[in-house]
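Here are some comments on the structure you asked me to look over, set out as numbered points. They begin with the overall layout and then turn to individual residues.

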Amino acid sequence: YLLPLMRQAGFASVFLGIESPDPAALKAMNKVQNIKTLPHQTVAKLQRNGMEVFGGFIYGIDTDTRQTADLIVDFVRDNGILTAMTGKLTPMPHTPLYMELKEQGRLLGGVDARNNIDETDQFQSMMGAEQLHEGFNHILSTLFDPKALYGRARDVLDRVDLHIFRGR
């Protein structure tokens, strides 16, 4: 219903908080709105309607493993998403996640809970610090490799029915 109206209004891009390509992870994060549809179908539908998709992903939730990093990279590549913003799970103060990790004794003191892209661990990850860092670095180095970026840029041009400079 909204897509033709968005196209008519001149929308050229949309940010989707995809969070994770793993349905089990989405259930664990209580992201029920993300389970109602298949993310790859939503991305494709937006692209067919002339909108580039910017994807947001979270890495480091309790169900994640090192292989989850590969799933994120594969999802971004396979779905023609040029701009993929991935951050580590960040327990912001006064949120249910923060309170849960605090009750479990997994929060690490003396860290800035507003930064989800630096090397500082803010909590004890279930996968372990080494795998968390390895996976996160893999996501960043793979997605921001110039050859990969240019390849995804070509994919966007092939997939997105660009409309912004056509019509009225």
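1. Helices and strands are taken here as DSSP runs, with at least four residues for a helix and at least two for a strand, and they are numbered from the N terminus. On that basis the protein, which is a predicted model, holds eight helices and three strands, and along the sequence these follow the pattern α-β-α-α-α-β-α-β-α-α-α.

2. As for overall dimensions, the C-alpha trace spans about 55 × 35 × 25 Å along its principal axes. The protein has 168 residues, of which 38% count as buried, and it exposes about 9,900 Å², with carbon and sulfur atoms supplying 57% of that area. Where contacts join residues at least 6 apart in sequence, 70% of them are between residues at least 24 apart.

3. Helix α5 deserves a closer look. This helix covers residues 66-78, and its 13 residues should span 18 Å at 1.5 Å a residue, which agrees with the 19 Å found between its end C-alpha atoms. The expected figure is 1.5 Å times one less than the number of residues, so the count of residues itself is not the multiplier. After α5 comes Gly80, which has a positive phi near 60°.

4. Which residues of α5 are buried? They are Arg66, Thr68, Ala69, Ile72, Val73, Phe75 and Val76, and the buried residues of this helix pack against β1, α4 (39-48), β2, β3, α7 (129-143) and α8 (146-159). When reading that list, it may help to recall that an α-helix has 3.6 residues a turn, so residues three or four places apart point the same way.

5. The charged residues of α5 form a second theme. Side chains of opposite charge can pair when their charged atoms come close. In this model the count comes to six salt bridges, the criterion being a side-chain nitrogen of Lys or Arg within 4 Å of a carboxyl oxygen of Asp or Glu. One of the six is between Asp70 and Arg66, whose closest N and O atoms are 3.2 Å apart. Because Asp70 and Arg66 are four residues apart in helix α5, about one helical turn separates them.

6. Arg66 also meets Glu134 in a salt bridge, at 3.3 Å from N to O. This pair links distant parts of the chain, with Arg66 in helix α5 and Glu134 in helix α7, 68 residues apart. Taken together, Arg66, Asp70 and Glu134 are linked in a network of salt bridges. Is Arg66 buried or exposed? At 15% relative accessibility Arg66 counts as buried, because the cut-off for that class is under 20%. Asp70 is partly exposed, at 29% relative accessible area, and Glu134 is partly exposed as well, at 43%.

7. Towards the end of the same helix, the side chains of Arg77 and Asp78 meet in a salt bridge, at 3.2 Å from N to O. Arg77 is partly exposed, with a relative accessible area of 42%, and Asp78 is likewise partly exposed, with 44%.

8. Glu52, in strand β2 (residues 52-59), should be set beside those pairs. Glu52 is buried yet has no salt bridge, and the nearest side chain of opposite charge, that of Arg152, is 8.6 Å away. What is Glu52 in contact with, once its neighbours within four places in sequence are left aside? Its contacts are Ala12, Ser13, Val14, Leu82, Thr83, Val156 and Val160.

9. Two residues other than glycine call for a check of the backbone. Glu19, in strand β1 (residues 13-19), has a positive phi near 70° and is buried, with a relative accessible area of 13%. His94 also has a positive phi, of about 75°, but lies in the loop between β3 (84-88) and α6 (96-103). At 76% relative accessibility His94 counts as exposed, because the threshold for that class is over 50%.

10. A last point concerns the surface. Tyr1, Leu2 and Leu5 make a nonpolar patch of about 400 Å². Tyr1 belongs to the segment before α1 (2-9), and at 81% relative accessibility this residue counts as exposed.

Notes. Residues numbered from 1 in each chain as written. Predicted model: local features only at pLDDT ≥ 70, side-chain atom pairs only at ≥ 80, totals over all residues. Heavy atoms only, no water. Buried < 20%, exposed > 50% of the residue type's maximum accessible area, 1.4 Å probe, protein only. Lys, Arg positive; Asp, Glu negative; His and termini not counted. Contact = heavy atoms within 4.5 Å. Patch = residues over 30% accessible without salt bridge, like charges linked within 9 Å, V, L, I, M, F, W, Y side chains within 5 Å. Areas by Shrake-Rupley, 256 points an atom, 1.4 Å probe, with all protein chains shown as cover.
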